[in-house]
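Q: I would like to learn how to read the features of a protein model one at a time, beginning with the general idea and then turning to the case at hand. Could we work through one together?

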Amino acid sequence: MTQRAVVISGTGLWTPEEFITNEELVVSYNSYVELYNSRNAADIEAGTLQPLQPSSAEFIEKASGIRQRYVLNKDGVLDPERMAPHIAERSDDEMSVQAEMGVRAIHRALESAGRTPADVDAVLVACSNLQRPYPAMAIEIQHYLGMEKGWGYDMNVACSAATFGLQAAVDAIRTGSARCVVVVNPEICSAHLAWEDRDCHFIFGDVATALVLEAREDATSGNQWEVLGTRLQTKFSNNIRNNFGFLNRADESGVGARDKLFRQEGRKVFKDVCPMVAEQISSHISDLGMTSDALSRMWLHQANLGMNEFISRRVLGRPATREEAPVILDEYANTSSAGSIIAFHKYNQDLKAGDRGVICSFGAGYSIGSVVLEKL
């Protein structure tokens, strides 16, 4: 059976209204540090506890390239006595927070593709943290979109979830189990971030992105990108980890422990992951008969500016321009699986027919995904 050609025909982005600048974040964090050190003064004086150190906006931008981040709730994060967002629980009869984010992004993606929910055969929710185990967020989103047919499921490959979801969608269309698939990435990163940790409290933001994929023969939008190839890679590492889960309640000693939120060994991650990502992109395009000169754009995962500059330089053999490797993390921070999709959403329409690019994500697992595209 001849496999169908697949295109990305629409993109959608939903951004929370509230945002936190580095300067605001530092004022809050440093207030927390003062409170912590004051309350633990005796232990600090005795040498049994290390004092916390203050941060600065300059340190954050130099370490990451991040200047601000969007969040669902600002007040809770900036409260030195809380250091976590206020996100109220909803009843089972209400649309869940994560589903609502996803639905908003999907409607925008469908509009750009010239499609309606009735055209969609499947919804894949691909993100780093799911609001609940079941029923699947994808099935709830399917319901609130008003889809009367089709199917959906959730998947989690941390920051690479979007590219892994893209491959799953492409495979479904190529093999005939669907003709139109939506991949949606609703990321509530603010809820799993340790805002009290100086090494990572500035990293994440909240957002939702969505992509519409179709058989090329069906697509009608004016901005289509054919998928030339997908490639996935995983390698086990504890250098990025979050141990929260349903087993947490089975051992009370772990409730509220530091390992139940995001944590990482940043220098080790940089050293391990960057060369792997550059090699994957280079080998992937080579196997497709391309050289790096054929890449008009690299939409990379937006975790750290230094990582993206290293990877793009290694792939191209020279420093990349901002046009070649767009940066959105200065505004959005790290939005996990959504970062590379935000970059693609914002920076693809200026390219012309025949131009090629690669969406690439990388993160916990380790996990790496690359999707090579050509503008039609």
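The dialogue that follows takes up strands, helices, cores, single buried residues and backbone angles in this predicted model.

Q: Let us begin with a strand: how many residues of strand E4 are buried?

A: Strand E4, residues 122-126, is mostly covered, since five of its five residues are buried. A strand has two faces to inspect, and in E4 both are covered, with Ala122, Leu124 and Ala126 buried on one side and Val123 and Val125 buried on the other.

Q: Which strand does E4 join through five bridges, and how do the two run?

A: Five bridges join E4 to strand E5, residues 151-155, and the two strands run parallel; within this pairing, Val125 stands opposite Asp154 of E5. The chain passes from E4 through helix H6, residues 137-145, to reach E5, and this β-α-β crossover is right-handed. E4 is also joined by four bridges to strand E6, residues 180-188, again in a parallel arrangement, and there the bridge partner of Ala122 is Val181.

Q: Turning to helices, what span should H5 have, and how far apart are its ends?

A: The check rests on a rise of 1.5 Å a residue, so the 17 residues of helix H5 (residues 97-113) should span 24 Å, and the end C-alpha atoms are 25 Å apart, which agrees. For helix H1, the 18 residues should span 26 Å by the same rise of 1.5 Å a residue, and its end C-alpha atoms lie 25 Å apart, which agrees as well.

Q: Which residues of H5 are buried, and what covers them?

A: The general idea is that an α-helix has 3.6 residues a turn, so residues three or four places apart point the same way. The buried residues of H5 include Val97, Met101, Ala105, Ala109 and Ala113, and also among them are Gly102, Ile106 and Leu110. What covers the buried residues of H5 includes strand E1 (6-14), E4, H6, E6 and E7. After H5 comes Gly114, whose phi is positive, near 70 degrees.

Q: How should I read the largest nonpolar core, and which residues have the most contacts inside it?

A: That core has 50 residues, and those with the most contacts inside it are Val277, Ile281, Leu295, Ile311 and Phe362. The elements giving two or more residues to this core are helices H1 (22-39), H8 (266-287) and H9 (305-316), together with strands E11 (295-300), E12 (356-363) and E13 (367-375). H8 gives the most to this core, with eight residues. Apart from it lies another core, of 38 residues, among them Leu213, Val227, Ile328 and Leu351.

Q: What does Phe362 touch, once its neighbours within four places in sequence are set aside?

A: With those neighbours left aside, Phe362 is in contact with residues including Val273, Val277, Met307 and Ile311, and its partners also include Cys159, Ser160 and His301.

Q: Is His284 buried or exposed?

A: The cut-off for buried is under 20% relative accessible area, and His284, at 3% relative accessibility, therefore counts as buried. His284 is placed in helix H8, and, leaving aside neighbours within four places in sequence, its contacts are Gly229, Thr230, Arg231, Ser370 and Val372.

Q: What should I look for in the backbone angles of this model, for instance the phi of Met83 and of Ala333?

A: Most residues other than glycine have a negative phi, and most peptide bonds are trans. Met83, which is not a glycine, has a positive phi near 60 degrees; Met83 lies in the loop between H4 and H5 and counts as buried at 5% relative accessibility. Ala333 likewise has a positive phi, of about 65 degrees, although it is not a glycine. Ala333 sits in the loop between helix H10 (329-332) and helix H11 (339-346), where it counts as buried at 0% relative accessibility.

Q: And where are cis peptide bonds to be found?

A: The bond from Tyr134 to Pro135 is cis, with omega near -5 degrees, and Pro135 is in the loop between E4 and H6. Another cis peptide bond joins Gly365 and Tyr366, with omega about -5 degrees, and Tyr366 lies in the loop between E12 and E13.

Terms used:
Residues numbered from 1 in each chain as written. Predicted model: local features only at pLDDT ≥ 70, side-chain atom pairs only at ≥ 80, totals over all residues. Heavy atoms only, no water. Core = buried A, V, L, I, M, F, W, Y, C linked by side-chain atoms within 4.5 Å. Buried < 20%, exposed > 50% of the residue type's maximum accessible area, 1.4 Å probe, protein only. Contact = heavy atoms within 4.5 Å. Pairing = 2+ DSSP bridges. Right-handed = clockwise from strand over helix to strand, strands pointing away. Expected span 1.5 Å × (residues − 1).
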